[in-house]
Amino acid sequence: AVPEEAEAVRTAFGSLLASRAPHRHENQLRCGDGQIRRVLWSDAALLDAAGEVEYVVATGTDVTERHWAEEDLLRTNLALRSLIEASPLAILALDRSGTVRVWSPAAERVFGWTRREVLGRVVPTIPEDRSEELERFIRDTFEGKPLSGVETVRRRKDGSLVDVAIWTSLLRNPQDEPESVLCVIA
């Protein structure tokens, strides 16, 4: 272990010896070439006939790449959240049924509904005579035909109508399966 993690390693080992229960922990190791890698350890105590710890079996798995990927994902998510929060364009995400999953501050300003009012509900901006249009836009995006500046009309909370242009993109879950439609509205 790198020197600054020596105490944490001693604590993990002490916990294993005291409880005799399998234990997992991560730490950093410095390789022979000086490179630092992150390792996930699975430790188990093997007991002798008297029930005392005779051996400790430890298996280490290099999780450095996963750790870097998690850090990159966190940075990307924070950047995207900041982008959505700062964008002057209305940004929302809808699931297959048209339920709102993301509602930006600009969407609040353009349409009048707060995030709290719309999250988890079917998007309220669709005029009654345009419900089939919403279904088509969602279906097309899920089928790989995203919108690109399609002009249409949407309804504000006060009932007034506003002309808009819509761009869509498919959002996928961590398993790379289609999950929702990202809408950018100008």
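How many bridges pair strand S6 (residues 148-155) with S7, and in which sense do the two strands run, parallel or antiparallel? The legends below begin with that pair and then move through other close-ups of this predicted model.

**View 1. The hairpin of S6 and S7.** Strand S6 (residues 148-155) pairs with S7 over seven bridges, in the antiparallel sense. To find your place along the ladder, look for threonine 152, whose bridge partner in S7 is valine 164. Then follow the chain round the turn: five residues lie between S6 and S7, and glycine 159 in this turn has a positive phi of about 95°.

**View 2. The hairpin of S2 and S3.** Here strand S2 (residues 36-47) meets strand S3 (residues 53-62), and nine bridges join the antiparallel strands. Leucine 46 makes a handy landmark, as it stands opposite tyrosine 55 in S3. Five residues separate the strands of this hairpin, and glycine 51 takes a positive phi near 85°. While you have a strand in view, it helps to recall that side chains in a regular strand alternate between the two faces of the sheet.

**View 3. Valine 63, in the loop between S3 and H2.** Moving on from S3, we come to valine 63, which sits in the loop that leads to H2. Is this valine 63 buried or exposed? With a relative accessible area of 7%, valine 63 falls under the 20% limit and therefore counts as buried. For a sense of scale, its C-alpha atom and that of serine 87 are separated by 36 Å, the two residues being 24 apart along the chain.

**View 4. The largest pocket and its lining.** This pocket has a volume of about 560 Å³. Its lining is made up of 20 residues, and Leu80, Arg81, Ile84, Val102 and Leu171 are the ones that lie nearest the centre. Helix H2 (64-86) gives the largest share of the lining, six residues. At least two lining residues also come from each of strand S4 (90-94), strand S5 (100-103), strand S7 (161-172) and strand S8 (178-185). By character, the lining of the largest pocket divides into 11 nonpolar, three polar and six charged residues.

**View 5. The largest cavity.** Now for the enclosed space: the count comes to one cavity of 30 Å³ or more. The largest cavity has a volume of about 100 Å³. Of the 14 residues that line this cavity, Leu94, Leu134, Arg154, Ile166 and Cys183 lie nearest its centre. S4, helix H5 (131-142), S7 and S8 each supply at least two residues of the lining. The cavity lining divides into 11 nonpolar residues, two polar and one charged.

**View 6. Asparagine 173, between S7 and S8.** The loop that links these two strands holds asparagine 173. Its relative accessible area is 14%, under the 20% limit, so asparagine 173 is classed as buried. Which backbone atom does its side chain reach? Look for the backbone nitrogen of glutamine 175, which the side chain of asparagine 173 reaches at 2.9 Å.

**View 7. Helix H1 and the residue that follows.** We finish with helix H1 (residues 6-19), which has 14 residues. From first C-alpha to last, H1 reaches 20 Å, close to the 20 Å expected at 1.5 Å a residue. Arginine 20, just after H1, takes a positive phi of about 65°.

Terms used
Residues numbered from 1 in each chain as written. Predicted model: local features only at pLDDT ≥ 70, side-chain atom pairs only at ≥ 80, totals over all residues. Heavy atoms only, no water. 1 Å grid on protein atoms, 1.4 Å probe; cavity = no way out; pocket = protein on both sides within 12 Å on 5 of 7 lines; lining within 4 Å. Points joined across faces, edges and corners; volume = space filled by probe spheres on them. Helix = DSSP H or I, 4+ residues; strand = E, 2+ residues; numbered from the N terminus. Nonpolar A, V, L, I, M, F, W, Y, C, P; charged D, E, K, R; others polar. Buried < 20%, exposed > 50% of the residue type's maximum accessible area, 1.4 Å probe, protein only. Polar contact = N/O pair within 3.5 Å; in protein donor to acceptor, adjacent residues only side chain to side chain. Expected span 1.5 Å × (residues − 1). Pairing = 2+ DSSP bridges.
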